[in-house]
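Subject: Structure handover

Hi,

Here is the structure I promised to pass on. Have a look at it first, and then read my notes underneath.

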Amino acid sequence: MTTLFDTMTGSVTQLINPGQEAFSLYVCGPTVQDRPHLGHGRVMATYDLLRRHLRNKGLAVTLVMNVTDIDDKILTKASQESTSYQAVAQRYEAIWWETMDLLGIERPDATPHATEWVPNMIAKIQAMLDSDAAYVIDDGVYLRVSRVPHYGLLTKQDFDQLQPGNRVEVNPLKESPFDFVLWKRAESTEPGFDAPWGYGRPGWHTECVTMSTEILGSSFDLHGGGMDLIFPHHENELAQAQVLGVPFARHWAHVGFVEMGGEKMSKSLGNTLDLTDAVTRFGGRAIRLAYLRAYYRSPLEMSDATLNDARSSLNRIDNFLDRGDAGDLDDEAISAFISALDNDLDTPTAFSLLFDQVRAGNTLFDRQQVGAATAKIATVRAMLEWIGLAPSQEALMVPAEISQAVEERDRAKRDRDYATADALRAVIEAAGFVILDTKDGTQLRKSRA
Ligand SMILES: [Zn+2]
């Protein structure tokens, strides 16, 4: 039985129904206005793990992740740089995917872009206006939260008792401070779209409820994101689903914060650690390991010390795998590993089982019990493959100057200029790479610390 903590019920619940063969998953993706930070990587790595786990168990998993490619922050950046919002969005989206590739995160099955779904959003907003669940005021269209049968289901708050924060800027024309914008009016000189109630742009909460249900259907298995999205984003997606009368997500899951120095990581605190930089410094697999070995709902401290430790753990695994060939799998150990993941993605237990195998395997090698030791190698390898952490699954980030040095070295070798070839080898190795001269040409591997 596969279980996961459901934010809606507040408990660990059964994720898959008996006989279920397919699994549909919607994860809130990036607003492409800046480079990804370590918090984004954790959310993506967690859902990548869940997706692989369910697929390895035999389910046909469909993952949809939106890309918000129009938003006030994107527009601000575009005007600061005197460029188009499309250019800003495309630049940061490219960096997003490159970085996620290096973390071994598989691309989603569909990546709907907000700007491509505006007509569908307009239709949804119109339906909410038609049923009197929404209203138009000077600066846009708002959802009338008083018409939502159960507002606050995810947040577990009784909004009747709540006073809106003083810091929240409230349009005095709104009927209730909790009413939220579905469509924001914009100046005709700004980027936007025509709608029956005026030129403007869709609200973010409307994007996700539209794209998830249009692609996955009015009911799908799991809606996910980071814990920072529970309120207002997911609560407000759910509010629209309620007034539209769609069943929406069967389960909700949320990934914990990444912290630095004990504070949750966010742009406003200025303590973000650039994920792309971290991947360059520590390698995608080490960061993936750092993410995955922690329980996904707990806060995760990410520092140089954490990441150095993850890298040395990874080296320990890889050095063990290099000691011999893979023998026969230990099925019992594999099934214990899978059971741990089935239990609300209990990766701390799964990793301790993995390291037990490494430790036992090293002891067996030291005692020359090679047959038994190679079984441990096969088992560790299978565990790593299950979670997308096998050495073969590493995408290598090679800086441009090193790729160029590799090409120059190949040329020098062809020219039998061995002094130059050796000098270039030294440059490449000093940058932390091992050169493998294979029959398919020169290949690089990351050297181990
Ligand atoms: Zn969303």
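Below is what turned up, going from the overall fold to the details.

First, a caveat: this is a predicted model, so please read everything here in that light.

**Overall fold**

The protein has 14 helices and 15 strands. Its radius of gyration is 25 Å, close to the 22 Å that the globule rule gives for 449 residues, so the protein is as compact as a globular protein of that length. If you need box dimensions, the C-alpha trace spans about 75 × 55 × 40 Å along its principal axes. Of the 449 residues, 51% count as buried. The accessible surface comes to about 20100 Å², and carbon and sulfur atoms account for 49% of that. Taking contacts with a separation of 6 or more, 73% are between residues 24 or more positions apart.

**The zinc site**

Which protein atoms hold the zinc ion? The donors are Cys 28 (SG), Cys 208 (SG) and His 233 (NE2), and they lie 2.0 to 2.1 Å from the ion. Along the chain, the donors follow the spacing C-x179-C-x24-H. Cys 28 sits in the loop between β3 (22–27) and α1 (38–56), while His 233 belongs to helix α6, so this pair ties together parts that are 205 residues apart in sequence. Cys 28 has a relative accessible area of 5%, so it counts as buried. The figure for His 233 is 1%, which makes this residue buried as well.

Helix α6 covers residues 230–244 and also contains Pro 232. Watch the backbone there: the peptide bond joining Phe 231 and Pro 232 is cis, with omega at about 0°.

**Backbone oddities**

As background, most residues other than glycine have a negative phi, and most peptide bonds are trans. Two non-glycine residues to check for positive phi are Phe 248, near 70°, and Gln 368, near 65°.

Are their surroundings buried or exposed? Phe 248 is found in strand β10 (residues 248–255), and its relative accessibility of 1% makes it buried. Gln 368 is placed in the loop between α11 (347–366) and α12 (370–386); at 64% relative accessibility, Gln 368 counts as exposed.

**Aromatic rings**

The structure holds seven aromatic pairs. One of them is Tyr 135 with Tyr 142, a stacked pair with 6.2 Å centre to centre and 25° between the planes. Both tyrosines are buried, Tyr 135 at 7% relative accessible area and Tyr 142 at 6%.

Trp 183 and Trp 197 have ring centres 6.1 Å apart and planes at 85°, so that pair is edge-to-face. Trp 183 lies in strand β7 (residues 181–185) and Trp 197 in the loop between β7 and β8 (200–202), so the pair ties together parts that are 14 residues apart in sequence. Trp 183 is buried at 0% relative accessibility, and Trp 197 is buried at 9%.

Phe 248 comes up again here: ring pairs link Tyr 26, Phe 220, Phe 248 and Trp 252 into a cluster.

**From the record**

UniProt lists residues 30–40 as a short sequence motif, the 'HIGH' region, in an unreviewed entry. In the model, this stretch is 27% helix and 0% strand, with its end C-alpha atoms 8 Å apart.

Cheers

Key. Residues are numbered from 1 along each chain as its sequence is written. This is a predicted model: local features need pLDDT of at least 70, side-chain atom pairs count only at pLDDT 80 or more; totals for chains, interfaces and linings use all residues. Side-chain values use heavy atoms; hydrogens and water are left out. Helices (H or I, at least four residues) and strands (E, at least two) are DSSP runs, numbered from the N terminus. Buried means under 20% relative accessible area, exposed over 50%, partly exposed in between (1.4 Å probe, protein chains only). UniProt positions are given in the numbering used here, feature names are shortened, and annotations may be inferred rather than shown by experiment. Donors are N, O and S atoms within 2.8 Å of the metal (3.2 Å for Na, K and Ca); water is not among the atoms, so sites may look incomplete. The radius of gyration is taken over C-alpha atoms; the globule rule is 2.2 Å times the number of residues to the power 0.38. Contact means heavy atoms within 4.5 Å. Accessible areas come from the Shrake-Rupley method with a 1.4 Å probe; for residues, only the protein chains shown count as cover. Rings of Phe, Tyr and Trp (its six-membered ring) pair if their centres lie within 6.5 Å; planes under 30 degrees apart count as stacked, over 60 as edge-to-face and the rest as tilted.
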